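Colleague: I am new to this structure and would be grateful for a close look at one part of it. Please describe the pairing of charged side chains, and say where the partners lie and how open they are to the surroundings.

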Amino acid sequence: MIEKLKAMADEARAALAAAQTEDDVEAARVKFLGRKGQLRDLQQGIKDVPAEQRPEAGQLINQVKGELEAMLQQRQDELAAGSGPADAIDVTLPGRATRMAGRHPLMQVRQDMINIFLGLGYAVAEGPEVENYHYAFEALNYPDDHPAMDEQMTFYIEDDVVLRSQTSTVQIRVMESQEPPVRVVVPGRCFRRDTVDATHSHTFHQLEGLCVDEGITFADLKGTLLSFAHGMFGPDVRVRFRPDFFPFTEPSAEFAVSCYMCGGDGCRVCSQTGWLELGGAGMVDPNVLSAVGYDTERYTGFAFGVGMERFAMLRYGIEDMRLLYSGDMRMLAQF
Ligand code: DAH
């Protein structure tokens with residue numbers, strides 16, 4: 001009898017827990033607690049229990065009854081609350097709008113840059129962000145301990161493992177993997193120990209370009225960068241080249257574009273100079289070409305590198321570089 005009671009109690013608990021509607025609860029009530037229910041049967045069977053066990057059996061029956069009644073009430077309340085008018089679906093409420101994702105301004109600029117070069121017959125290459133000293137400096141013709149390396153503000157991971165400070169490292173990897181002609185652009189993240197402020201970031205993006213073939217001259221470099229400037233800023237801008245130094249190019253230049261806002265007269269965007277400096281460029285140093293096994297009598301090339309942040313900030317009027325990395329939807333939703 002006690003066994004039966006326990007089995008019935010288990011069954012009743014499970015039925016109540018599984019009840020999904022008020023009707024389910026009512027069915028369980030009738031089956032277990034009803035006037036012709038199982039508990040009632042067990043109660044009536046008590047007279048057959050040996051006298052000395054009767055008090056224990058009676059007590060247990062009352063306990064189970066109390067428990068099941070409480071559980072029944074609770075389940076009823078829960079289901080009633082769940083289906084009440086307060087919780088019903090209000091079909092007149094406006095729906096939740098799906099947020100449309102957009103491209104990050106930096107990625108828009110990246111894609112625009114790449115598209116211009118795809119149009120000029122370039123391929124896209126990528127390379128590792130963690131580099132060894134050889135690709136980071138040596139193969140780019142930095143002499144050991146040369147002060148030009150200081151300018152790179154490099155993060156060292158180990159003595160000969162660094163975070164690349166420029167995408168120029170990928171020039172070497174591309175040339176090692178193929179023979180000329182080479183025409184690639186390399187978008188990618190770079191890292192420098194710069195103090196973060198409105199125009200500096202420890203992590204930033206560059207687009208590198210490399211072209212190596214027979215008969216490539218500085219004139220090709222100028223024409224290519226002019227096409228690039230026109231593609232980015234429109235057909236009216238001019239480009240300017242001034243001497244500069246990079247270990248991996250000779251001659252080297254910094255290049256600028258006439259301010260697209262004022263046409264070169266001087267305004268707030270170009271800090272009254274009429275020019276916007278965009279990056280570095282030059283003819284690939286023959287030392288770099290011969291180090292990857294290219295025949296320097298036969299091949300010449302040019303290379304260039306531009307920062308992407310600068311373009312994004314100019315184009316979208318973003319005055320603080322840190323906003324680009326903030327992930328702040330109020331900023332990002334504007335583009
Ligand atoms: N890597 C240089 C920098 O980060 C930019 C640069 C200059 C890239 C000249 C080039 C180049 O490919 O030829 O400042």
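Modeller: D213 counts as buried, because its relative accessibility is 18% and the limit for that class is under 20%. The model in which this residue is described is a predicted one. The partner of D213 is R183, and their side chains form a salt bridge with an N to O distance of 3.4 Å. This contact links distant parts of the chain, for R183 belongs to strand β5 and D213 to strand β6, which covers residues 203-214; the two residues are 30 apart in sequence. R183 itself is partly exposed, at 31% relative accessibility. The bridge thus brings together a partly exposed arginine and a buried aspartate.

Strand β5 also supplies an arginine to another pair. R189 makes a salt bridge with E129, and the closest N and O atoms are 3.2 Å apart. R189 is in strand β5 (residues 182-191), whereas E129 sits in the loop between β1 (123-124) and β2 (130-132), so the contact ties together parts of the chain separated by 60 residues in sequence. Both partners are classed as partly exposed: R189 has a relative accessible area of 38%, and E129 has one of 28%.

A further pair is formed by D320 and R322, whose side chains meet in a salt bridge at 2.9 Å, N to O. D320 is partly exposed, with a relative accessible area of 21%; it is not classed as buried because that class requires a value under 20%. R322 is partly exposed too, at 41% relative accessibility. Elsewhere, bridges that share partners connect R240, R242, E254 and E277 into one network.

These contacts belong to a wider set, since the count of salt bridges comes to 18. The pairs described above, R183 with D213, R189 with E129 and D320 with R322, are among them.

For a contrast in accessibility, one may turn to A291, which is placed in helix α9 (residues 286-291). A291 counts as exposed, with a relative accessibility of 57%, because the exposed class begins over 50%. Measured against D150, the separation of A291 is 141 residues in sequence and 23 Å in space, from C-alpha to C-alpha.

Methods
Residues are numbered from 1 along each chain as its sequence is written. This is a predicted model: local features need pLDDT of at least 70, side-chain atom pairs count only at pLDDT 80 or more; totals for chains, interfaces and linings use all residues. Side-chain values use heavy atoms; hydrogens and water are left out. A salt bridge is a side-chain nitrogen of Lys or Arg within 4 Å of a carboxyl oxygen of Asp or Glu. Helices (H or I, at least four residues) and strands (E, at least two) are DSSP runs, numbered from the N terminus. Buried means under 20% relative accessible area, exposed over 50%, partly exposed in between (1.4 Å probe, protein chains only).
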